[in-house]
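User: I'd like to learn how to read a protein model one feature at a time. Could you walk me through this one?

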Amino acid sequence: MVPLYDQTVADQQSEVGAAATPAVLWLACAAQFMVVLDVSVVNVALPAIQAGLGFDAAGLPWVVGGYALAFAGFLLLGGRLADLYGQRRILVLGLALFSLTSLGGGLATSPGALIAMRVLQGLGGALLAPATLTVLTTAFPEGPRRVRALAVWTAVSSAGGAAGNLIGGVLTDGLSWRWILLINVPVGVVALAVAPRLLPVDRPRAASARLDVPGAVLATAGVGALGYGISQAERHGWGGSSTLAWLVAGVVALTAFAVVEARSPAPLIPPRLVRLRPVWAGNAVMLLAGCCFVPMWYFLSLYMQHELGYDALATGVGFLPHTLVGIAGARLAPAVMRWTGARVLIVLSALVAAAGFLWQSRLDAAGGYLDGLLGPAIVMSAGMGLLITPITTTVTSGVDARDAGAASGLMNTTRQLGGALGLAALTAIAAHASAPVDAYRHVFTASAAACVAVATLAGALPGPRQDAQRPGSS
């Protein structure tokens with residue numbers, strides 16, 4: 001006899017599979033776009049926010065950091081909630097919370113109110129991001145259709161992150177800084193209206209399936225403390241007392257999390273999941289990739305504004321080639337994977353990105369956009385666009401439907417921590433440069449080295465014969 005939980009999962013998988021339509025894909029992509037966009041969209045609006053609400057220098061970074069920490073800290077919990085309580089229910093809950101807090105943030109009249117809304121918005125994002133990926137991996141069975149769906153999801157995610165500066169600049173200059181948050185409200189309302197129509201009703205939760213509360217608390221505390229400690233390293237150095245205290249607290253909490261998970265009858269991250277080679281090796285690759293790709297936007301933005309004299313809007317426009325080439329690379333990835341498989345494409349695209357970063361490291365203080373940024377932008381972004389789809393495909397391949405949310409939450413957490421760790425490390429490298437242009441050269445040289453390490457680490461991924469997600473094999 002099939003156990004109740006397994007039968008429920010099988011039935012749910014069958015029902016969700018029937019919902020594999022373009023509308024479901026675009027619903028997931030729209031929700032993911034909002035989440036990723038709000039990581040970066042406030043950056044160019046910070047001066048206007050400071051003037052409008054009277055932020056002091058210490059409080060202003062929390063407009064960005066509050067969202068980022070809550071987002072990273074609750075991703076594992078958000079992913080597991082989708083497994084236990086149903087992806088439709090958690091997606092709708094995440095949309096409602098994200099939209100309401102966007103409205104509250106856009107109408108905030110004090111620094112404390114805005115920071116509180118940004119923290120809650122990060123929590124909503126942590127529910128949404130794993131749910132969007134879970135919807136796709138359960139709706140689209142392994143094979144070419146899933147790879148194409150993940151390529152679209154990846155392209156939209158890349159567009160959201162890259163477009164943040166441009167959209168933030170346009171809205172801030174043309175309307176008000178408040179619209180960088182209020183713009184989410186109509187999108188969220190439409191998504192809330194169509195989600196119940198597009199997604200199948202969640203099956204009742206089995207009596208044996210319950211939330212690992214101690215694990216959830218420890219995971220959230222550990223990831224949050226680790227992320228905050230890394231952010232402190234950017235300001236006070238790795239040896240600062242505040243940095244070390246938060247890093248130690250994060251390591252202790254995550255160690256306790258591992259002990260609790262080993263003994264829990266219903267762990268937040270099931271051991272069967274992390275024992276899968278595509279999952280542990282793919283997340284290691286994603287962590288290292290995040291170390292160089294996420295900070296790229298930060299340092300290029302500084303270069304364009306400080307060295308080239310661009311304003312916020314011009315900087316956003318300067319990122320258009322990165323955005324467009326990255327989207328094209330993501331959309332091209334499924335076709336390339338039919339010939340190479342995921343592992344070979346990860347190696348090749350990481351090396352292409354490394355070449356782009358190395359080219360970018362040859363910056364000249366007297367250079368302009370066309371001769372200093374455009375060429376490297378095309379090469380770097382082509383490598384990045386081609387890379388993320390095969391990593392995402394690998395991490396989600398061979399995962400049981402009942403663990404899809406946990407796998408999605410783990411991958412998103414890995415990427416966020418990789419970006420935070422990379423930014424802190426590269427900021428430390430830049431701080432030791434003798435001149436600003438040398439700082440950028442050192443940063444992009446180190447990023448190139450990280451991409452080479454990604455290509456090397458990809459050797460631990462399943463090969464063509466082991467790859468459960470080889471497009472064209474079915």
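Analyst: Happy to. Let's start with burial: a residue is buried when its relative accessible area is under 20%, exposed when over 50%, and partly exposed in between, using a 1.4 Å probe and the protein chains only. Before we apply that, note that this is a predicted model, where local features need pLDDT of at least 70 and side-chain atom pairs count only at pLDDT 80 or more, while totals for chains, interfaces and linings use all residues. Residues are numbered from 1 along each chain as its sequence is written, and side-chain values use heavy atoms, with hydrogens and water left out.

User: Is F319 buried or exposed?

Analyst: F319 counts as buried because its relative accessibility is 0%. As for its place in the fold, F319 sits in the loop between α14 (312-318) and α15 (320-360). Helices here are DSSP runs of H or I with at least four residues, strands are runs of E with at least two, and both are numbered from the N terminus. F319 also shows how sequence and space can be read together: A377 is 58 residues away in sequence, and the C-alpha atoms of the two are 8.5 Å apart.

User: How many helices and strands are there in the protein?

Analyst: The protein has 18 helices and zero strands. Of its 474 residues, 56% count as buried. The accessible surface, from the Shrake-Rupley method with a 1.4 Å probe (for residues, only the protein chains shown count as cover), is about 18400 Å², and carbon and sulfur atoms account for 68% of that.

User: What should I look for in contacts?

Analyst: A contact means heavy atoms within 4.5 Å, and the useful thing to ask is how far apart the partners are in sequence. Among contacts in the protein with a separation of 6 or more, 85% join residues 24 or more positions apart. L27 in helix α2 is a good case. L27 is buried, as its relative accessible area is 7%. Beyond the residues up to four places away in sequence, L27 touches L91, A191, V194, A195, L198 and L199. One of these, A191, lies 164 residues from L27 in sequence, with 6.6 Å between the C-alpha atoms.

User: How do I read a single helix, and which residues of α9 are buried?

Analyst: Start with the general pattern: an α-helix has 3.6 residues a turn, so residues three or four places apart point the same way. In α9 the buried residues are N184, V185, G188, A191 and A195. They pack against α2 (22-40), α5 (87-106), α6 (111-139) and α8 (179-182). You can also compare the end-to-end span with the expected one, which is 1.5 Å times one less than the number of residues. Helix α9 (residues 184-198) has 15 residues and reaches 20 Å from first C-alpha to last, close to the expected 21 Å.

User: What does the α5 side look like?

Analyst: α5 has 20 residues and reaches 28 Å, close to the 28 Å expected. Its buried residues include L91, G94, L95, F98 and S99. S99 is buried because its relative accessible area is 7%. Leaving aside neighbours within four places in sequence, S99 is in contact with N184, V185, G188 and V189.

User: How many disulfides does a search of the whole structure find?

Analyst: With a disulfide defined as a pair of cysteine sulfur atoms within 2.5 Å, the search finds zero. Take C292: its closest cysteine sulfur is in C451, 3.6 Å away, so the pair is too far apart for a bond. C292 is also buried, at 1% relative accessibility. One residue that touches C292 is S447, which lies in helix α18 (residues 436-457) and is buried with a relative accessible area of 3%.

User: And pockets? What is the volume of the second largest pocket?

Analyst: The method uses a 1 Å grid over the protein atoms alone: a pocket is an open set of points with protein on both sides within 12 Å along at least five of seven lines, and lining residues have an atom within 4 Å of a point. Points are joined across faces, edges and corners, and volume is the space filled by probe spheres set on them. The second largest pocket comes to about 400 Å³. Of its 17 lining residues, L76, F257, V274, L410 and T414 are the closest to the centre. α13 supplies the largest share of the lining, five residues.

Technical notes: On a 1 Å grid over the protein atoms alone, a cavity is a set of points where a 1.4 Å probe fits but cannot get out, and a pocket is an open set with protein on both sides within 12 Å along at least five of seven lines; lining residues have an atom within 4 Å of a point.
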